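Me: I would like to learn how to read a few features of a protein model. Please take them one at a time.

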There are 2 protein chains.
Amino acid sequence: VTRADTDPAWDSSAAMTRLSLNQATTQRWSVREAVAGCLRAGIPSIGLWRDKVAETGLDEATRLVRESGLHVSSLCRGGMFPAATAEERRTRIEDNLRAIDEAAVLGTDLLVLVCGAAPDRDIDRARAQIEEGIAAILPQAIASGIKLGVEPLHPIYAAERSAIVTLGQALDLIDRLDSPQVGVIIDVYHVWWDPNLYAQIGRATGRILGFHLNDWLVPIIDPLLSRGMMGDGVIEIGRIVRAVEATGYHGPIEVEIFNQEIWDTPGDDVLARIKERFSQL
Amino acid sequence: VTRADTDPAWDSSAAMTRLSLNQATTQRWSVREAVAGCLRAGIPSIGLWRDKVAETGLDEATRLVRESGLHVSSLCRGGMFPAATAEERRTRIEDNLRAIDEAAVLGTDLLVLVCGAAPDRDIDRARAQIEEGIAAILPQAIASGIKLGVEPLHPIYAAERSAIVTLGQALDLIDRLDSPQVGVIIDVYHVWWDPNLYAQIGRATGRILGFHLNDWLVPIIDPLLSRGMMGDGVIEIGRIVRAVEATGYHGPIEVEIFNQEIWDTPGDDVLARIKERFSQL
């Protein structure tokens with residue numbers, strides 16, 4: 001039984017127009033190769049990463065995506081605001097301002113924020129520094145027409161990547177920032193375990209800026225590279241997709257998979273598998 | 001600055017009377033060796049594991065702890081309620097009833113529950129099966145004078161060990177079970193990342209049955225064995241200790257560390273380190 005059998009609102013061929021390849025999934029591909037791969041596969045959107053864009057050069061990457069006609073669904077990533085010194089925090093903010101500029105040049109309207117972790121044991125201070133950091137870059141985001149997507153990360157990353165660990169916490173933060181320029185990114189890997197997930201997805205109505213698919217593999221071995229292809233793990237992806245759809249989110253759906261085995265697979269095969277699994281949601 | 005300097009309510013020599021060695025910390029020691037180690041170190045309590053008790057034999061383990069005069073702070077572990085078939089769930093419940101009997105024989109009043117994960121993708125069904133399982137064993141727990149400690153586990157374990165992943169969720173479950181025989185176990189490793197932690201510790205007042213210390217090491221490499229000695233990681237242990245104390249919990253404080261390097265260290269050295277770090281909280 002597929003999603004299409006149970007929910008007339010989900011039309012998998014219509015959904016295919018919303019599919020986006022997040023570049024993290026094809027780690028060995030340059031921007032040029034990923035763009036060409038999307039065109040061959042008929043995937044209409046791409047989520048770019050700053051390190052890949054830097055390798056290619058911002059101007060050349062911009063030319064490649066413009067000429068391709070692909071939609072750029074997001075640029076990953078800004079964030080990483082907390083730091084031990086005021087000087088280092090200023091440096092992080094400057095880097096985020098550059099990321100906003102790069103997003104605008106690349107023609108996307110969304111910068112994904114991985115907010116950063118505590119540089120010491122004080123997680124509340126890290127959370128305050130995250131809020132200060134987003135507030136500091138917000139005026140330029142507004143001026144540039146770039147939305148800021150706060151991505152809550154799985155609590156496994158609380159000490160190293162993001163002190164923002166639940167959708168509810170991200171929404172509380174966004175409530176306080178009080179700007180339509182800031183919203184959330186929902187990644188099924190990061191949120192699937194949350195007892196409050198469906199209530200918080202409902203609460204996120206109108207504030208969902210991006211939606212990422214992958215899966216949680218069992219057993220977990222490497223916490224960084226245990227993400228899997230949709231359908232290979234334990235996440236109720238169809239249920240989460242329906243809940244996000246029900247909020248009225250009809251934007252891009254990025255497939256973002258950090259997995260060594262997938263990185264070692266030829267990219268065209270990975271994209272074919274993504275399309276197959278996506279059509280079965 | 002140690003806890004004793006900042007908080008007159010914390011008296012580290014008085015706290016030492018509450019220190020308990022959870023057997024998981026000294027994986028290579030039998031019950032006999034762990035009991036002898038606690039006596040040598042002057043650690044007054046021990047938390048036992050069922051697999052270790054079974055190796056020694058229940059009667060012999062009981063004799064060893066009784067003759068030692070050690071307090072048995074808990075028996076680990078019951079739980080693991082969700083299963084694909086009704087027959088398997090019944091088998092799990094029978095195992096929990098045996099665990100209650102063993103706890104009573106060993107002279108502890110606390111059975112720690114690691115509640116179990118979904119056997120399939122349906123995490124809500126797993127959560128319902130956990131609640132049904134605890135309700136099924138509750139009458140015998142009451143009759144035997146054994147309290148049931150629901151231990152929320154870090155969300156990293158949601159797919160493999162426990163669909164109960166936050167303190168708030170555990171308290172919601174306990175609210176519904178509505179029995180003073182059921183409470184929570186707070187383990188700093190499992191809860192430190194939670195944005196609602198301190199509010200939920202306050203809410204747990206009167207329902208905290210056990211308290212476990214260890215630390216979260218950075219970087220995380222092995223999700224099962226990355227627990228560290230207090231002070232070696234990033235958890236604000238002193239702050240959590242103070243919050244738990246403030247609820248009026250003055251029961252045993254178990255040190256439970258799953259870490260291969262610690263398992264490979266001579267047990268007496270591990271216990272000396274535990275006492276040193278515990279006195280510095």
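**Backbone, cysteines and symmetry**

Reply: Start with a place in the chain: Arg77(B) is part of strand S3 of chain B, which covers residues 71-79. Helices (H or I, at least four residues) and strands (E, at least two) are DSSP runs, numbered from the N terminus. This is a predicted model, in which local features need pLDDT of at least 70 and side-chain atom pairs count only at pLDDT 80 or more, while totals for chains, interfaces and linings use all residues. Residues are numbered from 1 along each chain as its sequence is written, chains are lettered from A and ligands numbered from 1 in the order in which they are written, and side-chain values use heavy atoms, with hydrogens and water left out.

Me: Is the peptide bond from Cys76(B) to Arg77(B) cis or trans?

Reply: That bond is cis, and its omega is near -5°. In chain A, the bond from Val218(A) to Pro219(A) is also cis, with omega near -5°. Pro219(A) sits in the loop between strand S8 (215-216) and strand S9 (227-228) of chain A.

Me: What is the sign of phi at Met80(A)?

Reply: Phi is positive there, near 55°, in a residue other than glycine. Met80(A) belongs to the loop between strand S3 (71-79) and helix H6 (86-106) of chain A. In chain B, Met80(B) has a positive phi of about 55° and is not a glycine either. Its place is the loop between S3 and helix H6 (86-106) of chain B.

Me: Are Met80(A) and Met80(B) buried, partly exposed or exposed?

Reply: Buried means under 20% relative accessible area, exposed over 50%, and partly exposed in between (1.4 Å probe, protein chains only). Met80(A), at 21%, is partly exposed, and Met80(B), at 23%, is partly exposed too.

Me: How many disulfides are there?

Reply: A disulfide is a covalent bond between the sulfur atoms of two cysteines. Here a pair counts when the sulfur atoms are within 2.5 Å. The count over all chains is zero. Cys115(A) is in none, since its nearest cysteine sulfur, in Cys76(A), is 12 Å away. Cys115(A) is buried at 0% relative accessible area. In chain B, the sulfur of Cys76(B) has its closest cysteine sulfur in Cys115(B), 12 Å off, which is too far for a bond. Cys76(B) is buried at 1%.

Me: Which movement superposes chain B on chain A?

Reply: Two copies of a chain are related by a rotation about an axis and a shift along it. The fit is by least squares on the C-alpha atoms of residues with pLDDT of at least 70 in both copies. Here the rotation is 180° with 0.0 Å of shift along its axis, and the RMSD is 0.0 Å. That is the relation of a two-fold axis. Both copies use the same surface: 100% of the contact residues of chain B recur in chain A, where contact means heavy atoms within 4.5 Å.
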